[in-house]
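Reader: Could you take me closely through one part of this model, the pocket and the elements that line it, and then through the aromatic contacts of those elements?

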Amino acid sequence: MSKLRNNIPRMRKGILMAGGKGSRMYPVTKYINKHLLPVYDKPMIFYSLSLLLMAGIKEIAIICNPGDIENYKKIFNKKKSFFITYIEQKEPNGIAECMYLARDFIGDNDFALVLGDNFLFGSDLQKILLKASKSKKNTFFVKEVSNPQSFGVLYEKNKVKKIIEKPKKFISNNVIIGIYFYENKILSKMKLTKSKRKEYEITEVNNAILKTRKTKIERLGRGFVWQDLGTFANLINISNLIFSNKNINLKDFYNPFFIK
């Protein structure tokens with residue numbers, strides 16, 4: 001019986017990072033979490049949560065600030081096609097801390113991490129996410145952008161790959177976006193220290209993983225739109241994009257989450 005149980009594949013779990021100060025969107029984010037701000041006609045968090053659902057992940061932990069849990073419960077409690085656990089991040093100690101906070105939730109499962117201010121749209125998106133979710137490798141997604149200095153840039157030379165966070169000099173237009181698929185094994189190998197910003201940096205985790213060579217880089221081409229919604233300008237741009245494409249049935253891309 002034990003051998004049979006060991007052969008049953010474990011389901012990947014999901015972490016949705018919705019904490020932080022949202023300092024780029026002050027003063028609005030002093031009284032409302034940025035992930036609840038509207039992107040056209042739906043809260044920002046709908047779009048990032050949809051990415052986990054499209055990857056076939058049904059058990060999701062939302063990492064959020066103290067006091068925000070009740071607001072999320074008002075939105076999600078009636079949804080029965082997926083299950084949400086709420087975990088407080090008491091201080092904004094960085095993205096990578098969420099792995100420690102969610103370790104009991106993750107258990108011995110592989111997991112995916114999505115940052116709550118991510119917007120990703122494109123054809124075959126669900127197919128790509130499902131493939132990453134079923135893969136036995138850690139998977140990072142890369143997108144070409146016009147302002148790489150604002151993100152973690154993928155440096156590639158010969159066989160060396162590493163991520164350089166917000167480089168001051170131009171390296172490449174290829175940046176690592178906030179969608180990561182991880183093996184469970186990384187939890188036991190992580191040894192994090194706080195950066196100069198006094199945060200546990202996700203880039204430190206990802207660079208350690210890149211050294212293991214057990215990583216797949218998924219490159220998203222021109223058929224995809226990706227945006228970090230952490231600024232008002234980006235939020236407005238994506239809202240306008242959704243409005244101008246209202247004849248496209250977005251439910252086809254984000255089903256089953258986009259339910260009236």
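Author: What follows describes the pocket first and the aromatic pairs afterwards.

This is a predicted model, in which local features need pLDDT of at least 70 and side-chain atom pairs count only at pLDDT 80 or more, while totals for chains, interfaces and linings use all residues. Residues are numbered from 1 along each chain as its sequence is written, and side-chain values use heavy atoms, with hydrogens and water left out.

The largest pocket has a volume of about 1000 Å³. A pocket here is an open set of points on a 1 Å grid over the protein atoms alone, where a 1.4 Å probe fits, with protein on both sides within 12 Å along at least five of seven lines, and its lining residues have an atom within 4 Å of a point; the volume is the space filled by probe spheres set on the points, which are joined across faces, edges and corners. Of the 37 lining residues, Arg24, Ile95, Leu115, Asp117 and Arg197 are the closest to the centre. By class, the lining divides into twelve nonpolar, 15 polar and ten charged residues, where Ala, Val, Leu, Ile, Met, Phe, Trp, Tyr, Cys and Pro count as nonpolar, Asp, Glu, Lys and Arg as charged, and the others, Gly among them, as polar.

Strand E10 (160–165), strand E11 (174–182), helix H8 (202–210) and strand E13 (224–228) each supply at least two lining residues, and E11 gives the largest share, four. These elements are DSSP runs numbered from the N terminus, helices (H or I) having at least four residues and strands (E) at least two.

Arg197 lies in the loop between helix H7 (186–189) and H8, and it counts as partly exposed because its relative accessibility is 48%, the limits being under 20% for buried, over 50% for exposed and partly exposed in between (1.4 Å probe, protein chains only). In H8, seven of the nine residues are buried, including Ile202, Val205 and Leu210.

Eleven aromatic pairs are counted in the model, a pair being rings of Phe, Tyr or Trp (its six-membered ring) with centres within 6.5 Å, stacked if the planes are under 30 degrees apart, edge-to-face if over 60 and tilted otherwise. Phe140 and Tyr180 are edge-to-face because their planes stand at 85°, with centres 6.1 Å apart; this pair joins strand E8 (residues 138–144) to E11 across 40 residues of the chain, and both Phe140 and Tyr180 are buried. Phe151 and Trp226 are likewise edge-to-face, at 5.2 Å and 65°, and Trp226 belongs to E13.
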